[in-house]
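Student: Could you walk me through this structure with a few questions and answers? I would like to start with a helix and work outwards.

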Amino acid sequence: MDNNNQYQCAIVGGGLAGLCLSIQLAKSGKRVVLFEKNTYPFHRVCGEYISMESWGFLESLGVPLTALNLPKINSLGISSESGFMLNAPLQLGGFGISRYNLDHYLSTLAVQNGVELVQDCKVVGVESGQQNNSRVETTRGVYFAEMVCGSYGKYTPTFVNEPARQPPKTNYVGVKYHIEADLPANRIELHNFEGGYCGISKVDQGWYCICYLTDAANLKKNGNDIKKMEANVLYKNPFLKKYFTQSAFVTPQPQVVSNVGFTKKQTSQGGILMLGDAAGAISPLCGNGMSMAMRSSKLLAAQLESYFDGAVSRQQLLDNYQTNWNAHFAFRLRAGRSLQTLFGKTHLTELALRSLNALPGGITERVIKLTHGNVF
Ligand SMILES: Cc1cc2nc3c(=O)[nH]c(=O)nc-3n(C[C@H](O)[C@H](O)[C@H](O)COP(=O)(O)OP(=O)(O)OC[C@H]3O[C@@H](n4cnc5c(N)ncnc54)[C@H](O)[C@@H]3O)c2cc1C
């Protein structure tokens, strides 16, 4: 066997979860290969609001967040389709940075720390072999690794045999643009419309990220024409009409993803350890999926380091990771799913926002807190 293709850990997918895991393992001296099917830098569908809980973690990996002078966000506005706005402070808050730049920073750091980064490379098969050596088949050749981690995001590849699940009740489509907007840099807004909601907040380069999630039925009803759907559905909310018709679009063509769902999956399957959205995605309205992806990489890195250093067995690694994952995320995913049901339904959203507005201060903040973790 060619030793050049033999690694301690192979990571499938270079989003935040995979990139952060690779950097941590490489920093602790492990031999790591990371496969990403795209080539950095590239845009992704994401609201690009990162909960402050992961600021210190990203800096510890070497991302110079402080020097980047990024917008810090501590004020939230949520509107109903009719234009009623609920305002609330964000206790922990967040910051804005485009995935184009953040993922690019991390991919550069991965290479600097010794990760073998194989871009434009899709993993097409993983087979567990003898003596804990798995065979990883990619579009750029075959690799071998003692451990394989799946950070491939929300779409499970066909080589992972997940147990059959009920298909989600609603199939969502995500759409994102960068625009130049008139909104304070410290504010994030979530605007509801029938069948979905749209977030807007500032990122780097003076841009704003405007990103929405809609029931795919809205798109179908409008002949699969995104611009037509925006005019017919989103513009009923006066805030969205203003942002879409009075802003300069930096990226006129949207980034689009379909078949978005929010389910808890598994932390391991067929010998592959899952992290980030591959283990379970939280509703984007919580603004917390990226921090969860990064945090799950930290939980898994700690277990993998113990395993490679001989302190825990493979089975102990699997058990410890699953226990830690559930303790950190299981409740948050449930809370996110419950909140998701309140959004995108015109009358229910109106009622929920007006009720929260009438309740004593602090209730809205407590609801928001349910979906967030602590600094790590
Ligand atoms: C509409 C929308 C808005 C959102 N807004 C926010 C927000 O504002 N704040 C927030 O915190 N979270 C937000 N999220 C959630 C957040 O984007 C995700 O939780 C986060 O990106 C998950 O990171 P990840 O690394 O697990 O997956 P991803 O970032 O999806 O990365 C997975 C990577 O794996 C690669 N890949 C997949 N299969 C293969 C393969 N077979 N071989 C090689 N490479 C492969 C993909 O190309 C991709 O680069 C939003 C999500 C959506 C859908």
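**Helices, core and ligand shell**

Tutor: Happy to. H1 has 12 residues, and from its first C-alpha to its last it reaches 16 Å, close to the 16 Å expected at 1.5 Å a residue. Bear in mind that this is a predicted model.

Student: How many of the 12 residues of H1 are buried?

Tutor: A residue is buried if 20 or more other C-beta atoms lie within 10 Å of its own. Among those that pass in H1 are Leu16, Leu19, Ile23 and Ala26. H1 is largely enclosed by the rest of the structure, because the number of its buried residues is 11.

Student: Which elements cover the buried residues of H1, and which glycine follows the helix?

Tutor: The cover includes the strands E1 (6–12), E2 (32–35) and E9, together with the helices H2 (55–61), H3 and H7. After H1 comes a residue with a positive phi, near 85°, and that residue is glycine 29.

Student: What does H3 pack against?

Tutor: H3 has 14 residues and reaches 19 Å, close to the 20 Å expected at 1.5 Å a residue. Its buried residues include Arg99, Tyr100, Asp103 and Leu106. Those buried residues pack against H1, E2, H2 and strand E6 (116–118).

Student: Where does the largest nonpolar core lie with respect to domain 1 and domain 2?

Tutor: This core has 102 residues, and Cys9, Ala10 and Cys149 have the most contacts inside it. Helix H7 (residues 289–308) gives the most to the core, with 9 residues. Domain 1 and domain 2 both give residues to the core, so it lies between them.

Student: Which residues does cysteine 9 touch, leaving out those up to four places away in sequence?

Tutor: Cys9 is one of the residues with the most contacts inside the largest nonpolar core. Its partners are Leu25, Lys30, Val32, Ala145, Glu146, Met147, Cys149 and Leu304.

Student: Which element gives the most to the shell around the ligand?

Tutor: The ligand is surrounded by 38 residues, and the closest are Gly13, Gly15, Gly47, Gly276 and Gly289. By class, the shell has 19 nonpolar, 14 polar and 5 charged residues. At least two residues each come from H1 (16–27), strand E3 (49–51), strand E13 (208–215) and H7. The element that gives the most, with 4 residues, is H7.

Student: Which element gives the most to the side of domain 1 that touches domain 2?

Tutor: The centres of the two domains, taken over C-alpha atoms, are separated by 28 Å, and 21 residues of domain 1 are in contact with 23 residues of domain 2. E3 and helix H3 (99–112) each supply at least two residues of the domain 1 side. That side has 11 nonpolar, 5 polar and 5 charged residues. With 4 residues, the element that gives the most is H3.

Student: Is lysine 169 buried or exposed?

Tutor: Lysine 169 sits in the loop between strand E9 (141–150) and strand E10 (172–180). Its C-alpha atom is separated by 38 Å from that of valine 142, 27 residues apart along the chain. Since a residue is exposed if 12 or fewer other C-beta atoms lie within 10 Å of its own, and lysine 169 has 8 C-beta neighbours inside 10 Å, lysine 169 counts as exposed.

Conventions: Residues numbered from 1 in each chain as written. Predicted model: local features only at pLDDT ≥ 70, side-chain atom pairs only at ≥ 80, totals over all residues. Core = buried A, V, L, I, M, F, W, Y, C linked by C-beta atoms within 7 Å. Domains from an automatic or database assignment. Contact = placed C-beta atoms within 7 Å. Near = placed C-beta within 6 Å. Nonpolar A, V, L, I, M, F, W, Y, C, P; charged D, E, K, R; others polar. Expected span 1.5 Å × (residues − 1).
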